[in-house]
Each structure stands twice: as C-alpha cells, then as structure tokens.
Amino acid sequence: MGREIEKFVDIQAAADFLGVSAKTVRRYCTSLVRERLPHYRFMGKLRFRLSEASEWAERTRNRPQRCRGRHLAVANVGVMGYTSNDSETGAASNAGEEVR
C-alpha cells in the first residue's frame, strides 16, 4: 500500500553513480574482490539497485579491495591503512585521523 519499488539500472548508470568506468563495475561484481558489489542478472545483463550500490560503497570505502593480487585505489589511504612514509615500520600515522 503506497510502497515504492526501486527500479533496476544498467551497468553504465551504476558506473556513473559510483564515479568509475563500466569495466571497473564489472570487476567489482567478480569474486576477485573481497566484498562483491550487489548485482542481479536479467537475460545475461547486469542490473543494479542504486541504494544497494550506495550502501556497498559506504561499507567498502576505506578498505583496500584485492583484485588479482593488486590493491585497487582507495581514497587517500595506502595499503593496509598505512601511508607510504610509515609502511616500513608498520606504524599507522593516520590512526585516529578522519579520512575523507
């Protein structure tokens, strides 16, 4: 009663929403990343709900994602949360700082 159903969007709309390429969205859907982007397949085509993509992006925003043995770029955070200056010592100089 009055409940609105969210429509599915295609891969290009999801890519535009996330600010990445369609190829990167396909990569996020594979089992090679730690937490896959929620998606559906209809007649062989990928479909997405933008609300689920938004929640996924928030959950995985500051976590490095692995893809074929390499870390994908994560906003202003180096591998394992260390900056490049302190990766040798293993100390996290950005601990306690807000990452934007």
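Is E58 buried or exposed? Select E58 and show its surface: the residue is exposed, because its relative accessible area is 53%. Here buried means under 20% relative accessible area, exposed means over 50%, and partly exposed lies in between (1.4 Å probe, protein chains only).

Before you go on, a note on the model. This is a predicted model, in which local features need pLDDT of at least 70, side-chain atom pairs count only at pLDDT 80 or more, and totals for chains, interfaces and linings use all residues. Residues are numbered from 1 along each chain as its sequence is written, and side-chain values use heavy atoms, with hydrogens and water left out.

**Stop 1: the whole chain**

Switch to a cartoon view. You should find 3 helices and 4 strands in the protein chain, and following the sequence gives the pattern α-α-β-β-α-β-β. Helices (H or I, at least four residues) and strands (E, at least two) are DSSP runs, numbered from the N terminus. Of the 100 residues in the protein chain, 26% are buried.

**Stop 2: two helices that cross**

Now colour helix α1 (residues 11–18) and helix α3 (residues 50–60). Two packed helices are described by the angle between their axes and the distance between the axes. For α1 and α3, the axes come within 11 Å and cross at roughly 40°. Axes are lines fitted to C-alpha atoms, for helices over the stretch in contact, and angles run from 0 to 180 degrees between N-to-C directions. Angles under 35 degrees count as roughly parallel, over 145 as roughly antiparallel, 65 to 115 as roughly perpendicular and the rest as oblique. α1 and α3 are therefore oblique to each other.

Stay on α1 and pick Q12, which sits in this helix. Q12 counts as partly exposed because its relative accessibility is 38%. Then add R47: the C-alpha atoms of Q12 and R47 are separated by 9.7 Å, although the two residues are 35 apart along the chain.

On α3, pick E55. E55 is partly exposed, at 49% relative accessibility. Add P38 too, which is 17 residues from E55 in sequence and 9.6 Å away in space, C-alpha to C-alpha.

**Stop 3: the salt bridges**

How many salt bridges does the count come to? The count is 3, where a salt bridge is a side-chain nitrogen of Lys or Arg within 4 Å of a carboxyl oxygen of Asp or Glu.

- Select R59 and E35, whose side chains meet at 2.6 Å, N to O. This pair links distant parts of the chain, with R59 in helix α3 and E35 in the loop between α2 (22–28) and β1, 24 residues apart. R59 is partly exposed, at 40%.
- Select R49 and E52, joined by a salt bridge of 3.9 Å, N to O. R49 is partly exposed at 24%, whereas E52 is buried at 19%.
- Select R61 along with E58 from the opening: their salt bridge is 3.5 Å, N to O. R61 is partly exposed, with a relative accessible area of 40%.

**Stop 4: a nonpolar patch**

Finally, select F8, F42 and M43, which form a nonpolar patch on the surface with about 360 Å² of accessible area together. Patches are made of residues with over 30% relative accessible area and no salt bridge; like charges are joined within 9 Å, and nonpolar side chains (Val, Leu, Ile, Met, Phe, Trp, Tyr) within 5 Å. Accessible areas come from the Shrake-Rupley method with a 1.4 Å probe, and for residues, only the protein chains shown count as cover. Zoom in on M43, found in the loop between β1 (40–42) and β2 (45–47). M43 is exposed, with a relative accessible area of 86%.
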